[in-house]
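Here is a brief report on packing and enclosed space in one protein model. Please look at the structure before reading on.

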Amino acid sequence: MKLVCDPKKGSENIFRTLLMPAIREGHADTLRAAEGMDYMVGHPIALNTPIVAEQKKMKWASVALAPLSFLSVHEPMEISGYEFLSSLTYHSSGFRKFFDWLGRSLSKSWVKPLLDFRRELGLPPGGHPLFEGQHSPHLVLALFTTLLAKPQPDWPPHAVITGVCFYDRKEGHETLSPALASFLDSGPPPLVFTLGSTAVLDAGGFYEESAAAARALKRRAVLLCGKTPPRGLAGPDVLLAEYAPYSLLFPRAEAVVCSGGIGTISQCLKSGSPFVVVPFANDQPDNAARCRRLGVSRTLPRAKYRRDRAAETLAGLLADPGAKPRSQECARVVAGEDGVGAACDAILANI
């Protein structure tokens with residue numbers, strides 16, 4: 001997880017270290033999975049989906065879980081680990097085009113084993129697997145809310161923004177635990193601190209600093225810490241839990257602090273509660289910037305996440321008279337979207 005959450009090399013590590021060594025095994029698995037099927041839907045890192053679809057001459061849909069998957073040169077770019085370079089893209093389309101070219105050039109070596117494998121199979125090179133090559137020529141399901149992005153001229157022509165396919169009922173955690181429900185009922189709405197499903201495994205001092213920040217603000221807090229909670233933090237004002245369904249917890253929070261994964265920020269937008277994003281890597285800085293532009297969140301870089309800065313950032317958010325109304329308006333927009341239904345309709349229309 002330290003490799004995945006590395007701010008500068010997280011994406012490179014995912015492709016070089018985790019995905020490329022398994023290309024052939026993944027191809028065999030995907031061939032078996034597609035046997036007898038009429039249609040496939042593939043996640044961006046399911047790299048064999050387009051290969052098998054080409055081989056079997058099947059129609060297929062690709063998925064974009066976050067706007068960053070489109071890497072549009074018509075929008076500012078948040079390049080994880082490079083805040084200054086990201087700031088340049090806010091002012092010049094020339095910089096955006098340059099970074100697009102640079103990203104394509106540098107990442108070509110990340111996916112060389114995949115390109116070599118395509119050649120072995122007798123397939124044409126295709127598009128860059130991290131750029132246009134990840135998108136289906138038939139249908140691209142943008143499974144995020146319309147609040148985060150609008151279609152751009154360089155998006156795939158068959159892209160459809162469906163809204164989010166929400167799901168947070170982890171087995172054994174379909175409801176709030178009795179301890180958490182009792183804590184919520186016993187006082188004012190707490191601050192909720194969570195690192196999602198990935199960053200929680202590389203938390204560093206996040207939870208210790210968070211508990212101290214909440215106490216400095218004289219606020220109650222819920223810390224979702226995963227299976228290895230830090231010791232010495234719990235008390236009458238701070239509850240530690242392994243997991244909780246965000247859809248049930250976030251609406252009862254005064255504010256949320258999270259790492260900015262697309263699933264978590266979607267739940268934040270759905271909840272109507274303002275939030276702070278502490279991005280770790282990959283798409284999280286871009287997700288954070290998009291929410292900040294909506295006026296419902298603040299961003300605090302991981303490297304600067306200390307109790308005093310966290311308390312200051314949260315205090316500013318809670319004192320903003322427009323943050324809560326804007327958050328509630330976002331919740332109304334998300335409530336009007338039906339990600340699952342729209343995705344199903346798009347697939348059925350494409351088959």
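The notes below cover a cavity, a helix pair and a loop proline.

This is a predicted model, in which local features need pLDDT of at least 70, side-chain atom pairs count only at pLDDT 80 or more, and totals for chains, interfaces and linings use all residues. Residues are numbered from 1 along each chain as its sequence is written, and side-chain values use heavy atoms, without hydrogens and water.

**Cavity.** A cavity is a set of points on a 1 Å grid over the protein atoms alone where a 1.4 Å probe fits but cannot get out. The count is 1 cavity of 30 Å³ or more. The largest cavity has a volume of about 60 Å³, the space filled by probe spheres set on the points. Among its lining residues (an atom within 4 Å of a point) are Phe70, Met77, Trp155, Asp286 and Arg290.

**Helix pair.** H2 (residues 23-34) packs against H6 (residues 112-120) at about 55 degrees, with the axes 10 Å apart. The two helices are therefore oblique to each other, a class for angles outside under 35, 65 to 115 and over 145 degrees. Ile23, Arg24 and His27 of H2 meet Leu114, Phe117 and Glu120 of H6; contact means heavy atoms within 4.5 Å.

| Residue set | Nonpolar | Polar | Charged |
|---|---|---|---|
| Contact of H2 with H6 | 3 residues | 1 residue | 2 residues |
| Lining of the largest cavity | 7 residues | 1 residue | 3 residues |

Ala, Val, Leu, Ile, Met, Phe, Trp, Tyr, Cys and Pro count as nonpolar, Asp, Glu, Lys and Arg as charged, and the others as polar.

**Loop proline.** Pro301 sits in the loop between strand E10 (297-299) and helix H12 (307-319). Helices (at least four residues) and strands (at least two) are DSSP runs. Pro301 touches Glu83 and Val278, leaving aside residues up to four places away in sequence. Its C-alpha atom is 7.7 Å from that of Phe280, 21 residues apart along the chain.

Terms used
1 Å grid on protein atoms, 1.4 Å probe; cavity = no way out; pocket = protein on both sides within 12 Å on 5 of 7 lines; lining within 4 Å. Axes fitted to C-alpha atoms, helices over the stretch in contact; angles between N-to-C directions.
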